[in-house]
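This briefing goes through one protein chain, from its overall make-up to individual side-chain pairs. Please keep the sequence and the structure in view while reading.

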Amino acid sequence: MERLLYATQENAKNLFEANIPSRNLYSLEREGSTLILHISAELDHHLADQVSRTVDIQIENGTLKTLIFDFTGMTFMDSSGIGMVMGRYRKMNFLGGMTYVTGIGEGVDRIFSMSGLYRVIPRLDAGKREEK
């Protein structure tokens, strides 16, 4: 497993000129042809734009087969977060890859259900990485 990026407020400002609360925001892990995006902050328009650009670089590299969004610890997602997830799903789908979500809390689960995201992006059991 290779850790690709761990974003905090300090380097987020340098990289993306973002004004985001000081705590760990997200990290990327690479396991072979699988990219796991861990987001443990509120996914609003500031973070969604930053994450989109970072993940797009990995997708456009052309070696990914699977993208997993791990939302463990995330409590809030606005419409830009939904757009970020759908945009990465579309890119992966276009390239023949798969996209999954895991670590969904109650509040985010409600957003996924109401928005219909579960109809296109399967949810994985966090412990087993199997489709629910």
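The points below are grouped by topic, starting with the chain as a whole.

The model is a predicted one. Its chain has 132 residues, and buried residues make up 47% of them. Four helices and seven strands form the secondary structure, in the order β-α-β-β-α-β-α-β-α-β-β along the sequence.

**Chain as a whole**

- Of the contacts between residues at least 6 apart in sequence, 60% join residues at least 24 apart.
- The chain has an accessible surface of about 7000 Å². Carbon and sulfur atoms account for 48% of that surface.

**The S2-S3 hairpin**

- Strand S2 covers residues 26-31, and strand S3 covers residues 34-39.
- The two strands pair in the antiparallel sense, with six bridges between them.
- Tyr-26 is placed opposite Ile-39 of S3.
- Two residues lie between S2 and S3 in this hairpin. Gly-32, in the turn, has a positive phi of about 65 degrees.
- Five of the six residues of S2 are buried, so the strand is mostly covered by the cut-off of under 20% relative accessible area.
- As a general point, side chains in a regular strand alternate between the two faces of the sheet.

**Helix H3 and its surroundings**

- Helix H3 spans residues 79-94 and has 16 residues.
- From first to last C-alpha, H3 reaches 22 Å, close to the 22 Å expected at 1.5 Å a residue.
- Which residues of H3 are buried? They are Gly-81, Met-84, Val-85, Met-86, Gly-87, Arg-88, Tyr-89 and Met-92.
- The cover over these buried residues includes two helices, H2 and H4, and the strands S3, S4 (66-70) and S5 (98-102).
- Gly-96 follows H3 and has a positive phi, near 85 degrees.

**Salt bridges**

- How many salt bridges does the structure hold? There are five.
- Within helix H2 (residues 45-60), Arg-53 and Asp-49 are four residues apart, which puts about one helical turn between them. Their side chains meet in a salt bridge, with 3.0 Å from N to O.
- In general, an α-helix has 3.6 residues a turn, so residues three or four places apart point the same way.
- Both partners of this bridge are partly exposed: Arg-53 has a relative accessible area of 38%, and Asp-49 has a relative accessibility of 41%.
- A second salt bridge joins the side chains of Lys-91 and Glu-60, at 2.7 Å from N to O. Lys-91 belongs to H3 and Glu-60 to H2, so this pair ties together parts 31 residues apart in sequence.
- Lys-91 is partly exposed at 28% relative accessibility, whereas Glu-60 is exposed, with a relative accessible area of 56%.
- Arg-123 and Asp-109 form another salt bridge, in which the closest N and O atoms are 3.1 Å apart. This pair links distant parts of the chain, 14 residues apart. Asp-109 sits in helix H4 (106-115), and Arg-123 sits in the loop between H4 and strand S6 (124-125).
- Arg-123 is partly exposed at 23% relative accessibility. Asp-109 is also partly exposed, with a relative accessible area of 26%.
- Asp-56, Glu-60, Arg-88 and Lys-91 belong to one network, joined by salt bridges that share partners. Of these residues, Arg-88 is among the buried residues of H3.

**Aromatic pairs**

- The count of aromatic pairs comes to three.
- In one of them, the rings of Phe-112 and Tyr-118 have their centres 5.3 Å apart. Their planes are at 45 degrees, so the pair counts as tilted.
- Is Phe-112 buried or exposed? Phe-112 is buried, at 0% relative accessibility. Its partner Tyr-118 is partly exposed, with a relative accessible area of 25%.
- Ring pairs also bring Phe-69 and Phe-71 into a cluster with Phe-112 and Tyr-118.

Key: Residues numbered from 1 in each chain as written. Predicted model: local features only at pLDDT ≥ 70, side-chain atom pairs only at ≥ 80, totals over all residues. Heavy atoms only, no water. Buried < 20%, exposed > 50% of the residue type's maximum accessible area, 1.4 Å probe, protein only. Pairing = 2+ DSSP bridges. Salt bridge = Lys/Arg side-chain N within 4 Å of Asp/Glu carboxyl O. Expected span 1.5 Å × (residues − 1). Contact = heavy atoms within 4.5 Å. Phe/Tyr/Trp six-rings, centres within 6.5 Å; stacked < 30°, edge-to-face > 60°. Areas by Shrake-Rupley, 256 points an atom, 1.4 Å probe, with all protein chains shown as cover.
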